[in-house]
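Subject: Structure handover

Hello,

Here is the structure for you to look through. Please open it first, then read my notes below.

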Amino acid sequence: MTIIITAFESSPDKGQGLARDVRVRWALEEVGQPYDVRLVSFKAMKEPAHLALNPFGQIPTYEEGNLALFESGAIVLHIAERYAGLLPSDAAARARAIAWMFASVGTVEPPILERQVAKLLEGDRSWTSQRLSLIDERIRTRLGELSTRLGDADWLDGAFSAGDLMMVHVLLRLRPSGILEEYSSLSAYVARAEARPPYQRAFAAQLAVFNSTSKD
Ligand code: GTB
């Protein structure tokens, strides 16, 4: 059964790999599953055909036979449950890896997203710099806590898992801010994940989309 995912036809990050299709590409690379990509424009994302796949008109989506999914975390969890390689077989360790997936999107990602909104969409407001300081404080609190938990381990809980995959992709979005580099263990954690060949293949695949569309 061919797996088809959707991704930006023209990613606003210009191939930096920050859009959420990269999590899905990376998960598929980790478990060794081939996939096709349907590129969608911002206009097409809001049209009925795409809204049937994602009611919020966003990427990524995932199709596999009769199954259609949206939400990057749910898609990565589905891949991790369906194919070996991203979740431990021990039930307790598996539950903890899934908890890290939820922590990435539910606890660590929200202030990182707020920062992007404050900079990109509200950057011209009189209160932006005050708001950014408050958000950065919240981000630093989370990174401090995460870095304490990681300690000098390679991964969050034993072997590399879908929890690390999701957490690293969330942290990557912080890189342009310079805040991640304040936490040497987290920077090393992200670099370790980026060095994984499956991540490199996923990154290269999304960059190839940018390179091919930017020549037009
Ligand atoms: N919670 C959903 C999920 O995890 O799947 C969120 C999906 C989402 O935000 N999708 C974005 C989207 O489709 C793309 S990834 N946006 C179009 C729209 O809402 O109309 C978010 C994203 C966009 C751009 C950058 N960037 O340029 O750096 C990074 C991440």
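**What was found**

The second largest pocket has a volume of about 220 Å³. Keep in mind that this is a predicted model. Ten names make up a short list, so here it is: Leu18, Ile112, Arg115, Gln116, Lys119, Leu120, Arg173, Leu174, Pro176 and Ser177 line the second largest pocket. By class, that lining has five nonpolar, two polar and three charged residues.

**The largest pocket**

Now go to the largest pocket, with a volume of about 910 Å³. Its lining counts 33 residues. Nearest its centre lie Arg20, Gln58, Ile59, Leu113 and Arg173. Arg173 also appears in the lining of the second largest pocket.

Three elements give two or more residues to the lining of the largest pocket: α2 (42-45), α4 (72-82) and α5 (91-120). Which of them gives the largest share? That is α5, with nine residues. Sorted by class, the lining of the largest pocket holds 18 nonpolar, eight polar and seven charged residues. Both domains take part. Domain 1 (3-85 + 198-210) and domain 2 (91-196) each supply at least three residues to this lining.

**The cavity**

How many cavities of 30 Å³ or more does a search of the whole structure find? It finds one. The volume of this cavity is about 110 Å³. It is lined by 16 residues, and the closest to its centre are Phe8, Ser11, Asp21, Gln206 and Val209. The elements that give two or more residues here are β1 (3-8), α1 (21-31) and α9 (197-214). With four residues, α9 gives the most. The cavity lining divides into six nonpolar, six polar and four charged residues.

**Helix α1**

Helix α1 deserves a look of its own. Why is α1 described as largely enclosed by the rest of the structure? Because eleven of its eleven residues are buried. Asp21, from the cavity lining, is one of these buried residues. Others include Val22, Val24, Trp26 and Leu28. The buried set also includes charged side chains, among them Arg25, Glu29 and Glu30.

Take Arg23, which sits in helix α1. Is Arg23 buried or exposed? Its relative accessibility is 1%. Buried means under 20%, so Arg23 counts as buried. Leaving aside neighbours within four places in sequence, Arg23 is in contact with Ser72, Val76, Val105, Glu109, Leu165, Met166, His169 and Val170. Just after α1, Gly32 takes a positive phi of about 75°.

**The nonpolar cores**

In soluble globular proteins, nonpolar side chains tend to be buried together. Here, the largest nonpolar core has 55 residues. Which residues have the most contacts inside it? They are Tyr62, Ile79, Met167, Leu171 and Tyr189. The elements that give two or more residues to this core are β1, α1, α4, α5, α6 (128-150), α7 (162-172), α8 (184-194) and α9. Again both domains contribute: this core draws at least three residues from each of domain 1 and domain 2.

Follow Tyr189 next. Setting aside neighbours within four places in sequence, Tyr189 is in contact with Leu150, Asp154, Trp155, Leu156, Asp164, Met167, Val168 and Leu171. Apart from the largest core lies another core, of five residues. Phe8, Ala19, Val40 and Met45 are among them. You met Phe8 earlier, close to the centre of the cavity.

Best wishes

Terms used. Residues numbered from 1 in each chain as written. Predicted model: local features only at pLDDT ≥ 70, side-chain atom pairs only at ≥ 80, totals over all residues. Heavy atoms only, no water. 1 Å grid on protein atoms, 1.4 Å probe; cavity = no way out; pocket = protein on both sides within 12 Å on 5 of 7 lines; lining within 4 Å. Points joined across faces, edges and corners; volume = space filled by probe spheres on them. Domains from an automatic or database assignment. Buried < 20%, exposed > 50% of the residue type's maximum accessible area, 1.4 Å probe, protein only. Core = buried A, V, L, I, M, F, W, Y, C linked by side-chain atoms within 4.5 Å. Contact = heavy atoms within 4.5 Å.
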